[in-house]
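Please look through the sequence and the model below before reading on. The paragraphs that follow are meant to be read with both at hand.

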Amino acid sequence: MGSFVTMQSCRRYVVLVIFLSFIRNISTSVTHYSIPEEMKEGSVVANIATDLSLDVKTLNQRKMRLDIVANKKYLDVNKETGELYIVEKIDREYMCLAKSSCYLKLEVILENPVRIFNIEVEILDMNDNAPQFRRDTIHLDISEATPKGERFSLSNAVDPDVGSNSVKTYHLSESEHFNIEVQTGRDGSKFAELILTNSLDRERQAVHNLILTAVDGGTPARSGTASVIVRVLDTNDNTPTFDKINYSIKIMENSPIGSLVVHLNATDLDEGSNSDITYSYSLYTSEKTQETFNLNPSSGEITVKGMLNYEDFRMYDMEVIATDKGANSLSGQCTVNILVEDMNDNHPEISIKSFQSPVKENIELDTVIAVVSVSDKDSGDNGVVDLHIPDNMPFKLRESSDNYYELVVSEPLDRERVPEYDITFTVTDRGSPALSDNETMTLELLDVNDNVPQFPQSFYTIRVEENNAPGALLSSPTAFDPDLHENQYLVYFILEREIANTSMSMLFSINPENGNLYALKTFDYEIEKEFLFHIEARDSGSPPLSSNVTVHIIIVDQNDNAPVIVSPWRAHGSVVEEKIPRSTDKGSLVSKVIALDTDSVHNSRITYQFLQVTDATLFSLDQYNGEIRTMRMFSYRDPRHQRLVVVAKDNGQPALSATVTIKLSTVETAVKAYSDMTEVPLEYDIFSDLNLYLVIGLGSVSFLLLITILVTIVIKCQKPKPSKAAPPCRNSVISERNSTIADSTLVSNDAYWYSMLLAETRKGKMVVRQPVPKGSRYIVSSLPRGTGLTDTSGSAASTLQVRV
């Protein structure tokens, strides 16, 4: 049955539910009413006489009275009309504190005959209170080194209203560095955490002023604000860190005061005062929690401070801040959840019915590994259990029947990545607080040959010095196979490849067990400079797997070849004799020493020095091209014979050298040449009187090491007119026009061939690579034994190819 009450143009809805029962001769009626709080005095709630079917006229005669059970008198009944009305304005928050439901119990007593009616009036909450913060201003000190995503507790707002009229959400003023996230506590209360979204820079902005707004869920909604002042700190960059971020502690109710709950421990990597830590509650920790538990600021011990009553509070959430004593103190925080235990004293149980271990790593998906059953002796929600395994495993649970589960493979397994799994089965009941048990089983994986041997490098470059000892260890290009047992036993081979009809196995060998690579012969850089082949590593699995790697052997040159002096030519162990006019001018070319070295470029770089010289003031030697020139003109005091010892030294370490001895004899001015030239016998030398110097150069070595030695000397000449020949001088060349061969140009192709281009000097002017005029004739005398001359140019400039 329902009735409507109208007061001050506001329609209020009153719900009435009547239950009637009859006990012996006394009739008792139970009537329920629902009214909003804050109704004005005198407002009519309902007509009791009508709702209880009483005669209004007899109310006074039957001495009707209203008793309020365990509360002050907020309501009364009009005996004339039978109406229940408001005597004093009802404040639900005052009367019922923070209870979710609020009832006012009344008894209506009538006499003649005696009847008692029980009345319950439910006081409905109105959104008559705005959320309020414990502090109007919240101060936070945050280091500029704090990383993005860090969270900070903010003081929560309190709203005496309940249900949807309590605090629903929070809002933060606009900020590019901060945001909030609304959290819900286990008791249903709402609180906000401040989240750092962008890194702070104290030099740009030292203080951030924010406005935190708490909004309830009433209609219309009410709100309250608090000022959040964030001060950015600059130094002391190590924050205290707790051993755990979250502590979950269970404690029995009625534990004695002073009992130790937990000993929190935080450490700071800094030194001195920056590592001294004090512990305190955060602003989020409620006053009730702080009144119930004591936190020692020095040791971090949390002890019982007030009585614990399971019926009043079953859980306590607190945040503890550890702050160091640095100039700009830093802090770390942890969450402590204290659960007060009361009932649900039977733990759930796990029974492993079947477990298959070990298994092959290539086991098929959806294969059953284990069968598990769970049970709990409790009843109701406390006896309902849930079974789960860690989320990061390649398995899943599949319920086969009531309280029976199958563990099946859900993802491919790889023994090389994870050789075994410790699978923890955790069973949890749905009691409050929940109890749980766990059982750990180890699943071992058997190896399958599914991995190819891998070399750490795809290409090996090995440098080997020439003249190595046969059997020397060059390198150990070993491979790795992550498989086990025979699947990881590797055998090494050299893949056969022939170079110049020579197999690699004749040059190198490899230890099939450890991959050590050896040289089977001594290498010569001047003959063999590099080798390229492949090494294969094969495991012993079934079927076997293999891989190969490329090996590049580079022969490194050693300075094992001494320079060889090829010019001026001399018999082995003999001395070179030269003649020059005493009238030779300063700076004139006397001779040129040329030496060759078959080593590499670095070791074959040759320099020339005087080892002995008769008169150091008379001759100079160019250390790079080997030219010997006069430093001054001869005087009558200078001896007629000069002895020069020249050493040619290469650039190797240690350096190798060769020497040549040149004996110079000075002669008077040359005999006047005749107009008609007469051929000079070959036993005379072609050098000295006319200051002619032949340059012997480098030629080419045949491609397949078949060195073909070709000796030719080309002389372009014309028949001279008959005349009386002047006595030839040794080492001279005379032309019909009294031309003097002054110099030569060296052209080198390799270590065995030399080409010399003759040049002609007329009246002191050199003409290089010009055709030789008809009628000219060159006389070459005293050539070494075995020298051949060949004309290769026709009428052009003559080229002499001399094989020594």
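What follows leads through the nonpolar cores, a pocket, the salt bridges and some backbone features of this predicted model.

The interior is a convenient place to begin. In soluble globular proteins, nonpolar side chains tend to be buried together. In this model the largest nonpolar core holds 30 residues, and of these Ile48, Leu75, Leu106 and Val121 touch the most other members. Valine 121 shows what such a position looks like in detail: once residues up to four places away in sequence are set aside, valine 121 touches Tyr33, Ile35, Leu75, Cys102, Tyr103, Leu104 and Leu106. Another core lies apart from the largest one and consists of 25 residues, including Tyr460, Ile462, Met504 and Ala519.

A buried position can also be followed through a polar residue. Serine 373 belongs to strand β30, which runs over residues 368–375, and serine 373 counts as buried because its relative accessibility is 9%, below the 20% cut-off. Beyond its neighbours within four places in sequence, serine 373 is in contact with Glu349, Ile350, Ser351, Lys353, Asn403 and Tyr404.

From the interior the description turns to open space. The second largest pocket has about 1,000 Å³ of space, and 36 residues line it, those closest to its centre being Phe152, Ile321, Ser331, Gly332 and Gln333. Which strands supply at least two residues each to the lining of the second largest pocket? They are β11 (137–143), β12 (151–153), β19 (241–242), β23 (277–281), β26 (315–324) and β27 (331–341). In composition, the lining of this pocket divides into 13 nonpolar, 15 polar and eight charged residues.

Charged side chains bring the salt bridges into view, of which the structure holds 16. In one of them, aspartate 638 meets arginine 632 with an N to O distance of 3.0 Å; aspartate 638 is buried at 8% relative accessibility, whereas arginine 632, with a relative accessible area of 25%, is partly exposed. Elsewhere, salt bridges that share partners join Arg151, Glu181 and Glu193 into one network. Glutamate 536 and arginine 538 form a further salt bridge, their closest N and O atoms lying 2.6 Å apart. Here too the acidic residue is buried, since glutamate 536 has a relative accessible area of 12%, while arginine 538 counts as partly exposed at 33%. The salt bridge between glutamate 416 and arginine 415, with closest N and O atoms 3.1 Å apart, has its buried side chain on the basic partner: arginine 415 is buried with a relative accessible area of 8%, and glutamate 416 is partly exposed at 22%.

The backbone offers a last group of features. Most residues other than glycine have a negative phi, and most peptide bonds are trans. Against that background, where in the chain does a cis peptide bond join a residue to proline 220? The bond is the one between threonine 219 and proline 220, with omega about -5°. Proline 220 lies in the loop between β17 (207–216) and β18 (223–233) and is exposed because its relative accessibility of 66% is over the 50% cut-off. Asparagine 165 is 55 residues away from proline 220 along the chain, yet the C-alpha atoms of the two are separated by 9.6 Å. A cis peptide bond also joins serine 357 and proline 358, with omega about 0°, and proline 358 is placed in the loop between β28 (349–355) and β29 (359–360).

Positive phi values occur at two asparagines that also lie in loops. For asparagine 112, phi is near 55°; this residue lies in the loop between β8 (103–110) and β9 (115–124) and is exposed, with a relative accessible area of 60%. Asparagine 467 has a positive phi of about 65° although it is not a glycine, and its place is in the loop between β36 (459–465) and β37 (473–475). At 38% relative accessibility, asparagine 467 counts as partly exposed, whereas asparagine 112 counts as exposed.

Conventions
Residues numbered from 1 in each chain as written. Predicted model: local features only at pLDDT ≥ 70, side-chain atom pairs only at ≥ 80, totals over all residues. Heavy atoms only, no water. Salt bridge = Lys/Arg side-chain N within 4 Å of Asp/Glu carboxyl O. Buried < 20%, exposed > 50% of the residue type's maximum accessible area, 1.4 Å probe, protein only. 1 Å grid on protein atoms, 1.4 Å probe; cavity = no way out; pocket = protein on both sides within 12 Å on 5 of 7 lines; lining within 4 Å. Points joined across faces, edges and corners; volume = space filled by probe spheres on them. Helix = DSSP H or I, 4+ residues; strand = E, 2+ residues; numbered from the N terminus. Nonpolar A, V, L, I, M, F, W, Y, C, P; charged D, E, K, R; others polar. Core = buried A, V, L, I, M, F, W, Y, C linked by side-chain atoms within 4.5 Å. Contact = heavy atoms within 4.5 Å.
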